[in-house]
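User: Could you take me through one part of this protein slowly? I would like to look closely at a single sheet and what lies against it.

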Amino acid sequence: MSEEVIAIEGGHKLNGTVTISGAKNATVALIPSIVLSDEPVEIYNVPEISDVDALTVLLEELNCVVERDISVGEIGVDPRNMKNIPLVSDAVDKLRASYYFMGALLGKYKEVTIRMPGGCYLGPRPIDLHLKGFEALGADINYDEETGTYHLKADELIGTEIYLDFASVGATINIMLAAVKAKGRTVIENAAKEPEIIDVANLLTKMGARIRGVGTDTITIDGVEHMHGAYHEIIPDRIEAGTFLIIAAAIGEKMVIQNIIPQHLDALISKLKEMGIKMEKIGDSIVVYGNDGNLKPVEVKTQIYPGFATDLQQPLTTLLTQGNGQSKVSETIYKERFKHCAQLNKMGADIELGEACAYIKGKTPLHGARVMATDLRCGAALVVAGLMAEGKTEITNVYHIDRGYDNIDHKLITLGAHITRYMIDD
């Protein structure tokens, strides 16, 4: 049996400008939110990633008309003839964010049947906060263990006060989707503040929702009966931007990362400067001047936004292998998010795992090897490693990378990287 690999010949310095695509973590919530509308909705700056392909399949299963123009990053969805059918196909298994159809369909139809969503395995990621929120709004929830299917139903959804035990991005968005058409006022306390939540709320507001307080820890939603069509442009992807900042720090000479919102990256920028990376902000771009080979070790702890993003700790770990001394990465969001460390050790890294943390001993030269992308951001970490390493690196399970990075091969090649894709026998 054959599988596709990304092969990287390491050691080539990168120069030039890269343009960041629309935010993956916003896109996968924005697209399901469209089903709340009674009219067509158009979204721009849509990244070319496989998660969008899976979401498109689900929309078409619901009998929505979907028109997608990859060349200009546009997707148009007409939900006027949609049908609320059970979402139990294989497409649900391809991305965890399919759970946003729970909130959107519950909000629109007061009933939804959906199989337990898939996605990268990063340890236990329960959706109990989502379900508690739906129950608080008036939904009855049944789970069929044999089929792995949830059935949610409400005679009507009634606004209420909901306190999240943890400031979960997914739960905040999902409850917001269910609440925009509920009767009365819903208040979400201890809400997450990530930029992607603000982006979803902006689209919902354009569609007629009444939402206040997004970006703070208290979101207030006054329900409406109808939602209409809208146009919306997705914010730049702060995780893709952060990944390219790390790549520029690792192997760049002079790289410009453009189409970004710099304040979304403050936590990462602070750590890179602490390591000794020289950079400057110019409008919606950051210029990075590489490193002088004398990187300082740092300690990093992932936190909810605006703290250090869990999605960036894996690629940063690769750069930390080149620090002069021991660095430490502590994970407070997904405590099993360290599968990349074993793969990096195959390439010459010296990383030891503790309880929800990793100790990275540097400076260690990296060498090419055949490694496996166990999840999306692990894949990003291995791409960074392959670009830095001596010799050729082959990365398997590349479908994980394609889930979240728009044309990463092409973007790196235009900067001077030596990357190819081909099939191998596994």
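Analyst: Happy to! Two terms first: strands (E, at least two residues) and helices (H or I, at least four residues) are DSSP runs, numbered from the N terminus, and two strands pair if DSSP finds at least two bridges between them. Residues are numbered from 1 along each chain as its sequence is written. Please keep in mind that this is a predicted model, where local features need pLDDT of at least 70, side-chain atom pairs count only at pLDDT 80 or more, and totals for chains, interfaces and linings use all residues, while side-chain values use heavy atoms and leave out hydrogens and water.

Now to the sheet. It is open and has 4 strands in the order β21-β22-β1-β23, with mixed pairing. At its edges are β21 (370-372) and β23 (418-425), each of which pairs on one side only. On average, neighbouring strands here are turned by 30° against each other, direction ignored; axes are lines fitted to C-alpha atoms, for helices over the stretch in contact, and angles run from 0 to 180 degrees between N-to-C directions.

Let's zoom in on β1. Strand β1 (residues 2-9) runs antiparallel to β22 (residues 392-396), and 4 bridges join the two. Isoleucine 6, for example, has isoleucine 395 in β22 as its bridge partner. As a general rule, strands of a sheet pair through backbone hydrogen bonds.

Finally, what lies against the sheet? Helix α12 (residues 376-388) lies across β1, β21 and β22, and runs at about 45° to β1. Contact here means heavy atoms within 4.5 Å.
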